[in-house]
Amino acid sequence: MSGAAGRACRLLLRQTLRYDYPSPVGGLRHRLMVLPPARHGDQMLVSSSLEVRGAPAEVEKSVDRFGNVVVDIRAPEVQQGVEFVVEVAVERREGAGPVAGAQPFLDPTPLTEPDGALAAAAGRLAAGEPGLDLALRINGWVASALRYRHDVTTVRTTAAETVALGQGVCQDHAHVMLALCRLCGLPARYVSGHLVGEGGSHAWVEVLLPSAEDPAVLTAVAFDPTNDRRAGRGYLTVAVGRDYADVAPTSGSYVGPPGGRLTASKSLEEEVAEVVPA
């Protein structure tokens, strides 16, 4: 039986991560979380590739406990630099996908451990309607409480420290929203990915709410507290976790002198098409 035509979008990502070293290094071990899973909610993977340039390397893919694609790279020697070139195509239709368990996303983590200020804010926010309305209030509170500013936080800055500063980048906004959601009894997870129109990677939050059709089934509803809105079609999800530490896009080690330098570039394009269901 055929249905009404709908709109879908295809997101095309090309990303390059390059590490340059002051002299040859050895024993390179690198971990990348830059490829999206086959499916995440309403996002379907069309194609993906990862190419290593600059050194012979072994590449191994695996899936972690949250369903994220993890790429482990080993290179015995790198003369000058190594480059990772990522190409991804996904299709998205507006909606949300079911989620399994809530418990890992209810517990605080080192980056989302609350303090008195966060607990007080959560108490005020929880006074109104629960569920989606509560998530919307938390999203709006974070957007109004924090000013977007580079170079005042690091990947180790906690949610409590961010609130005290009153500023930070997208990952900080996400950590604060996670802390508040969990204090209010809403399971929520950190999302790492990309947003059309942004030059770097982006972070937002998925709140896990009971489905209208079956309250026993949790549904992921995405919010972008950095931009004070729901996260829609122009967002490409790469990985989810309890906080940034679970989904760091790039990390690793090598044997050699310090001073490695990372440069990155990215393009994300959106194509919208009419789709007629079969």
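Author: A strand is a DSSP run of E with at least two residues, and strands are numbered from the N terminus. In this predicted model, strand 16 supplies the largest share of the lining of the largest pocket, 5 residues.

Reader: How much space lies in the largest pocket, and which residues lie nearest its centre?

Author: The general idea is that rolling a probe the size of a water molecule over the atoms shows where empty space is left. Here, the largest pocket holds about 980 Å³ of space. Its lining comprises 36 residues, and V155, S201, Y244, T250 and L262 lie nearest the centre.

Reader: Which elements each supply at least two residues of this lining, and how do the residues of the lining divide by class?

Author: The elements that each supply at least two residues include strand 1 (6–20), strand 2 (25–32), helix 4 and strand 11 (188–195). Strand 12 (202–210), strand 16 (250–255) and strand 17 (261–275) also belong to that group. By class, the lining has 15 nonpolar, 17 polar and 4 charged residues.

Reader: How many cavities of 30 Å³ or more does the structure hold, and what lines the largest cavity?

Author: A cavity is a set of points where the probe fits but cannot get out, whereas a pocket is an open set. The structure holds 1 cavity of 30 Å³ or more, and the volume of the largest cavity is about 40 Å³. Q15, M33, V34, S192, G193, H194, S201, V238 and P249 form its lining. Strand 11 gives the most to this lining, with 3 residues. The lining of the largest cavity has 4 nonpolar and 5 polar residues, and no charged ones. S201 is thus named twice: among the residues nearest the centre of the largest pocket and in the lining of the largest cavity.

Reader: Strand 11 has now come up more than once. With which strands does strand 11 pair, and in what sense?

Author: Pairing is read from the bridges between two strands. Strand 11 and strand 15 run antiparallel and are joined by 6 bridges; L195 stands opposite Y235 in strand 15. Strand 11 also runs antiparallel to strand 12, again with 6 bridges, and Y190 has V205 in strand 12 as its bridge partner. Strand 12 in turn pairs with strand 13 in the antiparallel sense over 6 bridges. There, the bridge partner of V205 is F223 in strand 13, so V205 is a bridge partner of both Y190 and F223.

Reader: Are strand 15 and strand 12 enclosed or open?

Author: A residue is buried when its relative accessible area is under 20%. In strand 15 (residues 235–241), 7 of the 7 residues are buried, so this strand is largely enclosed by the rest of the structure. Strand 12 is largely enclosed as well, because 8 of its 9 residues are buried. Elsewhere, strand 7 (residues 81–92) is mostly covered, with 10 of its 12 residues buried. Strand 7 runs antiparallel to strand 4 (residues 43–53), to which 10 bridges join it; one pair is L45 with V90 in strand 7.

Reader: Which residues touch the most other members of the largest nonpolar core?

Author: A nonpolar core is built from buried residues whose side-chain atoms lie within 4.5 Å. The largest core has 62 residues, and I138, L180 and V207 touch the most other members. Helix 4 (residues 170–183) gives the largest share of this core, 8 residues. Apart from it lies another core of 13 residues, including A102, F105, L195 and W204.

Reader: With which residues is V207 in contact, leaving aside its neighbours within four places in sequence?

Author: The contacts of V207 are A135, M177, C181, L186, P187, A188, T219, A220, V221 and F223.

Reader: Where are positive phi values found in residues other than glycine?

Author: Most residues other than glycine have a negative phi. D151 has a positive phi near 65° and is found in the loop between strand 9 (147–148) and helix 3 (159–165). D151 counts as exposed because its relative accessibility is 78%. D228 has a positive phi near 55° and is placed in the loop between strand 13 (218–224) and strand 14 (229–230). At 46% relative accessibility, D228 counts as partly exposed.

Reader: What is found between strand 11 and strand 12?

Author: Their hairpin has 6 residues between the strands, and G197 in this hairpin takes a positive phi near 95°. G199 is also in the loop between strand 11 and strand 12, and counts as exposed at 60% relative accessibility. The C-alpha atoms of G199 and S265 are separated by 7.5 Å, although the two residues are 66 residues apart along the chain.

Terms used. Residues numbered from 1 in each chain as written. Predicted model: local features only at pLDDT ≥ 70, side-chain atom pairs only at ≥ 80, totals over all residues. Heavy atoms only, no water. Buried < 20%, exposed > 50% of the residue type's maximum accessible area, 1.4 Å probe, protein only. Helix = DSSP H or I, 4+ residues; strand = E, 2+ residues; numbered from the N terminus. Contact = heavy atoms within 4.5 Å. 1 Å grid on protein atoms, 1.4 Å probe; cavity = no way out; pocket = protein on both sides within 12 Å on 5 of 7 lines; lining within 4 Å. Points joined across faces, edges and corners; volume = space filled by probe spheres on them. Nonpolar A, V, L, I, M, F, W, Y, C, P; charged D, E, K, R; others polar. Pairing = 2+ DSSP bridges.
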